[in-house]
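Visitor: Got a minute to walk me through this one? I'd like to go element by element.
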Amino acid sequence: MTEDLRVVHLAAYGGTYAGSFIPLLEASRRACEAQGWSFEAVFTPGVEGRRWFAELRAAGVRVHVGPPAGIRGATAWLAGLLAQERTPTLLHTHFSYWDLPAALTALRFEQATVVWHLHSFLTDEALARGRNLVRFAVIGRLVDRILCVGPEVYYKAIARRAPAERTQVFPVGIDTHRLSPVSAAERRAARTRMGLGDRSAVLLLFGRDWEQKGGPLLLATLRELRARGRDVIAIVVDVPAETDTELAPLELAGLVRRMPPTDGARELFAAADIFVAASVVEGMGLAPIEAMACGTPVVASDVPSLRYTAAGLSACRFAPRLPTAFADAIEAELDAGAPDRDARLAQSRTAILRTYSLEGWSERLLSLYLELIATGSV
């Protein structure tokens, strides 16, 4: 048993808000410190002014900001950080940037173990495929474990020569305490604050990656529903400026409400009748899980990652990626009786608590670390 283990999470995360990742990091810290291990978090430049970064520091988390440099500079900086404490160290990377520096740094430190955590879908663009082949087939051989948030990420990594014996699906979790069920009064209040009223059915989509998240499919589905006589509007959150041509006419017609990114996801879920996960592809797809945890049913693309994530959650309806199919699923959910919907949402939240809570996540992570210790990787 390694009692003086130093766990360092390295993340290329610079979001305006804590989102789902920072609570995940804090759960990891609590699990490590409960074992008597030290915990540190490393970020890329630009996070110094973020509120969540200040809160991590105020909570006593040892946080570092790496250099504004490429792989060579980041590797040299990380080697300097490890050299400060000659103790068994586990480097756990997130969001790719630190993957190669961590693996290369571990070559210089016999007591260093590396875990890569793949959160994002691996694209099929030729240059990206070529880089991934080098990354997984060559550098990946130096890594002790490669974790993939969903099956689509896993199969892409394996196809690009990630070592199969050290690569596994490892979903992340959500803050189920913060994302608690919304009451009827909270729903009314949220819709009032957003000026939505009670008449229209409200669809919600997070659309930062507009094409990947299925923004065009949502708009086509909205038109299909309106053609069927349904009084439906859509809230689209965090959409890029280049969608203006698509969205402006619908905004003028009062069919779409564009909103900026926010840390108040629970209020958005409260205002919506249905969360629409129309993604072409996903790494994992946390937003549908978060929506159901808050008591908002979901209509989702029938793609492997979302099927895997929402398996067994009856508050999620799957549909082929066609406007008519999505409209059918949305109509079925809107027409479902309240007792049926409430029962499915209750079943789904129970399953989410069991599978995706931060407590469950940290237990799985701790088991992984203990396995690495037992097999001599640490």
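Visitor: Which residues of helix H6 are buried?
Guide: This is a predicted model, and in it H6 covers residues 151-159, with Pro-151, Glu-152, Val-153, Lys-156 and Ala-157 buried.

Visitor: What covers them?
Guide: The cover includes two helices, H5 (126-137) and H12 (304-309). Strands E5, E6 (145-148) and E7 (167-169) are part of the cover too.

Visitor: And what does Arg-161 do just after H6?
Guide: Arg-161 takes a positive phi there, about 75 degrees.

Visitor: OK, E5 came up. Which strand does E5 (residues 112-118) run parallel to?
Guide: E4 is joined to E5 by six bridges. One residue pair to look for is Thr-93 with its bridge partner Trp-116 in E5.

Visitor: How many bridges are there between E4 and E1?
Guide: Six, with E1 (residues 6-11) and E4 paired in the parallel sense. His-9 has His-92 in E4 as its bridge partner.

Visitor: Is E4 itself mostly covered or mostly open?
Guide: Mostly covered: E4 spans residues 89-94, and six of its six residues are buried.

Visitor: Which way do the side chains go?
Guide: Thr-89, Leu-91 and Thr-93 point one way, while Leu-90, His-92 and His-94 point the other way, and all are buried. In a regular strand, side chains alternate between the two faces of the sheet.

Visitor: Switching topic. What's the strand order in the six-stranded sheet?
Guide: Reading across, the order is E10-E9-E8-E11-E12-E13, in an open sheet with parallel pairing. Strand E10 (256-259) and strand E13 (316-319) are the edges, each pairing on one side only. From one strand to the next, the twist averages 25 degrees.

Visitor: How many bridges join E8 to E9?
Guide: Six bridges link E8 (residues 201-206) with E9 (residues 232-237), and the two run parallel. Leu-204 is opposite Ile-235 in E9.

Visitor: Which helix lies across E9 and E10?
Guide: That's H9, residues 244-252, and H9 runs at about 125 degrees to E10.

Visitor: Where does H8 sit relative to H9?
Guide: H8 is residues 215-227, and the axes of H8 and H9 come within 11 Å, crossing at roughly 30 degrees. The two helices therefore count as roughly parallel, the cut-off being under 35 degrees. The crossing is left-handed.

Visitor: Which residues meet there?
Guide: From H8 you have Pro-216, Leu-219 and Arg-223, and they meet Glu-246, Leu-247 and Leu-250 in H9. By class, the contact has four nonpolar, no polar and two charged residues.

Visitor: What about H11 and H14, at what angle do their axes cross?
Guide: Roughly 125 degrees, and the axes come within 8 Å. For reference, H11 is residues 286-294 and H14 is residues 338-356.

Visitor: Why are H11 and H14 called oblique?
Guide: Because roughly 125 degrees falls outside the ranges for roughly perpendicular (65 to 115) and roughly antiparallel (over 145), H11 and H14 are oblique to each other. Their crossing is left-handed.

Visitor: And which residues of H11 are in that contact?
Guide: Ile-289, Met-292 and Ala-293, which meet Leu-345, Ser-348, Arg-349, Ile-352 and Tyr-356 in H14. The contact of H11 with H14 has six nonpolar residues, one polar and one charged.

Terms used
Residues are numbered from 1 along each chain as its sequence is written. This is a predicted model: local features need pLDDT of at least 70, side-chain atom pairs count only at pLDDT 80 or more; totals for chains, interfaces and linings use all residues. Side-chain values use heavy atoms; hydrogens and water are left out. Two strands pair if DSSP finds at least two bridges between them. Helices (H or I, at least four residues) and strands (E, at least two) are DSSP runs, numbered from the N terminus. Axes are lines fitted to C-alpha atoms, for helices over the stretch in contact, and angles run from 0 to 180 degrees between N-to-C directions. Contact means heavy atoms within 4.5 Å. A crossing is left-handed if the near helix is turned anticlockwise from the far one by less than a right angle, and right-handed if clockwise. Ala, Val, Leu, Ile, Met, Phe, Trp, Tyr, Cys and Pro count as nonpolar, Asp, Glu, Lys and Arg as charged, and the others, Gly among them, as polar. Buried means under 20% relative accessible area, exposed over 50%, partly exposed in between (1.4 Å probe, protein chains only).
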